[in-house]
Amino acid sequence: MQTTRAAGESQAGLIIRESEPVNLESPFDQLDGYLTSNDLFYVRNHFEAPRLDVDSFELKIEGAIRHSFAISMAELRKLPAVTRTATLECAGNGRVFLSPPAEGVQWQLGAVSTAEWTGVSLTVLLERAGLLQDACEVVLEGADQGTPKTPPPKPSGEICYSRSIGLEKAKDTLIAYGMNGEDLTIDHGFPVRAVVLGHYGMASVKWLKAIRVVTEPFQGYWQTTDYAYWDEVEGSPVRRPLGVAALKSAIAQPRMRELVAAGESYRVFGAAWCGDLVVNRVEISTDDGATWQATTFLDPECPFCWRRWEFLWQVPQQRGTYILKSRAWDSEGNMQPEEHDRRFGSYVIHHTVGIEVIVQ
Ligand SMILES: Nc1nc2c(c(=O)[nH]1)N[C@H]1C(S)=C(S)[C@@H](COP(=O)(O)O)O[C@H]1N2
Ligand SMILES: [Mo]
């Protein structure tokens, strides 16, 4: 399959948002192919990436199951493999567009990428383990650890990165060792990671060392303190983990404050995605949201994947500043919102963002 750029020929690399630990943004303005090449796929690490020895590595499957076992990478690769294309987006993508400014990695548009993931369905491993009657969630535990950078409260000492998913999500979860036909790179979770289709990136635990079936909802740091939000039940606030990725579209070209020639036709180009439904319409406005026109999709509908779209803009003769916006619609008729939902704090940033261009 065509990727944005073949490894080795990349001109512009990833954008450094943080160097310790490395947090790298994909150059979204260079979006081109459907798949993001491995060298341009965004990287979101909370701690230094662990270097694991693939020959001695074992993934443990334990907890509320009939048979606990540990599986080597060689054994994992012998199980039936599946390949699924999926878009991953960091829940903090677009944080730089929040007003007032929010703490955290200042992602612009590019903490989102798409790859073809190869691995074993989590269902296969859980069937082999045999779930006990009272099993309720699956905790995915990473081999990286450290002290979270976020403000207190936080547990004392080092913690590892872990998240849980509901049992029903197992069928949409890959225990993946391959990315675009290659082994995972260290930054993307070598030798094995989870890929939870349709959820924000934080669910897709990298350097996966244990899969633990638990009998009550997991209350780990990364889904209560961080990557969580306040919902409301009958007037009372309740803390809930972030999960399904929200409906979003973004403009890759033109870039913010790009100079565009008056009177020419310009190809506006971008992508749209959403967690558990499909995007079936993207519209564009070239007058700051006053009027909207349909764009054309370049990719078919595919659950859990973005769709690139384009629009040929007849650039006005009138020189000046123009604000371009895109908005997506999903298969249930929901529209991408115009404002950020403050309940989600510095996460779930999927409102329409105006791209200012200068026509001259
Ligand atoms: N073990 C571990 N898994 C992790 C993380 C991490 O820091 N440690 N970061 C998560 C977050 S917040 C995101 S957005 C994705 C990013 O995956 P990528 O770096 O392959 O793009 O990994 C997730 N899995
Ligand atoms: Mo993330």
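Domain bounds, as used in this report, come from an automatic or database domain assignment. The structure described here is a predicted model, and the assignment divides the protein into domain 1 (15-241) and domain 2 (248-359).

**Two domains and their contact**

The C-alpha centres of domain 1 and domain 2 lie 28 Å apart. The contact between them takes 38 residues from domain 1 and 30 residues from domain 2.

**The largest pocket**

Both domains also take part in the largest pocket, whose lining draws at least three residues from each of domain 1 (15-241) and domain 2 (248-359). The space in this pocket comes to about 630 Å³, and of the 32 residues that line it, those closest to its centre are Gly-104, Thr-150, Pro-151, Asp-226 and Tyr-347. Among the secondary-structure elements, helix 3 (221-224) and strand 14 (228-233) each supply at least two residues of the lining. Strand 14 gives the largest share of that lining, namely three residues.

**The largest cavity**

Where, then, is space closed off inside the protein? A search of the whole structure finds four cavities of 30 Å³ or more, and the largest cavity has a volume of about 230 Å³. This cavity is lined by 19 residues, and nearest its centre lie Arg-44, Arg-193, Gly-201, Ser-204 and Lys-206.

The linings of the largest pocket and the largest cavity are set out by residue class in the table.

| Lining | Nonpolar | Polar | Charged |
|---|---|---|---|
| Largest pocket | 15 residues | nine residues | eight residues |
| Largest cavity | ten residues | five residues | four residues |

**Strand 16 and its partner**

Why is strand 16 (residues 248-253) described as largely enclosed by the rest of the structure? Five of its six residues are buried, and the strand is therefore largely enclosed by the rest of the structure; the cut-off that this step needs is that buried means under 20% relative accessible area. Strand 16 pairs with strand 18 (residues 265-273) in the antiparallel sense, and the pairing runs over five bridges. Within this pairing, Ser-249 stands opposite Ala-272 in strand 18. In a regular strand, the side chains alternate between the two faces of the sheet.

Technical notes. Residues numbered from 1 in each chain as written. Chains lettered and ligands numbered in written order. Predicted model: local features only at pLDDT ≥ 70, side-chain atom pairs only at ≥ 80, totals over all residues. Heavy atoms only, no water. Buried < 20%, exposed > 50% of the residue type's maximum accessible area, 1.4 Å probe, protein only. Helix = DSSP H or I, 4+ residues; strand = E, 2+ residues; numbered from the N terminus. Pairing = 2+ DSSP bridges. 1 Å grid on protein atoms, 1.4 Å probe; cavity = no way out; pocket = protein on both sides within 12 Å on 5 of 7 lines; lining within 4 Å. Points joined across faces, edges and corners; volume = space filled by probe spheres on them. Nonpolar A, V, L, I, M, F, W, Y, C, P; charged D, E, K, R; others polar. Contact = heavy atoms within 4.5 Å.
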